[in-house]
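This report is written to be read beside the sequence and the model. It moves from a charged patch to a strand pair and then to a helix.

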Amino acid sequence: MLEIKHQSVTSESGDVVAVIIDIATFRRMEAIIEDYGLVHFMKEAESDETLSREDAIEYLRTLEEGPENGSVRI
């Protein structure tokens, strides 16, 4: 488990209202969250329909044509 060194910010009544972490720890946490999201997305997409190369190229062309042809550019 990632050890997270932090400082607590407290209210006048002593309740913890925020934490401060160093930038290196924040970046490690951010990478872990992004990796988790990517794995989740990849598992979700496993059952999606796949396209042949030709169909994928045609699909990309429709995206490039823009909204005037009923498609949306991503």
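E49 lies in the loop between α1 (23-45) and α2 (53-65), where helices (H or I, at least four residues) and strands (E, at least two) are DSSP runs, numbered from the N terminus. The model is a predicted one, in which local features need pLDDT of at least 70 and side-chain atom pairs count only at pLDDT 80 or more, while totals for chains, interfaces and linings use all residues. Residues are numbered from 1 along each chain as its sequence is written, and side-chain values use heavy atoms, with hydrogens and water left out.

With a relative accessible area of 71%, E49 is exposed; buried means under 20% relative accessible area, exposed over 50%, and partly exposed in between (1.4 Å probe, protein chains only). E49 belongs to a surface patch of negative charge, in which E44, D48, E54 and D55 also gather. Patches are made of residues with over 30% relative accessible area and no salt bridge, like charges being joined within 9 Å and nonpolar side chains (Val, Leu, Ile, Met, Phe, Trp, Tyr) within 5 Å. Lys and Arg count as positive and Asp and Glu as negative, whereas His and the chain ends are not counted, and the place of a charge is taken as NZ of Lys, CZ of Arg, CG of Asp or CD of Glu.

Strand β1 (residues 6-10) runs antiparallel to β2 and is joined to it by 5 bridges, two strands being paired if DSSP finds at least two bridges between them. H6 stands opposite I21 in β2. The hairpin formed by β1 and β2 has 5 residues between the strands, and G14 in the turn has a positive phi of about 95 degrees. Strand β2 (residues 16-21) lies largely in the open, because the number buried among its 6 residues is 0. V9, found in strand β1, joins V17 and I20 in a nonpolar surface patch with about 240 Å² of accessible area together, areas coming from the Shrake-Rupley method with a 1.4 Å probe and, for residues, only the protein chains shown counting as cover.

In helix α2, R61 forms a salt bridge with E58, the closest N and O atoms being 4.0 Å apart; the term denotes a side-chain nitrogen of Lys or Arg within 4 Å of a carboxyl oxygen of Asp or Glu. Being 3 residues apart in helix α2, the two are separated by about one helical turn.

The partly exposed residues compare as follows.

| Residue | Relative accessible area |
|---|---|
| V9 | 32% |
| R28 | 40% |
| E58 | 42% |
| R61 | 47% |
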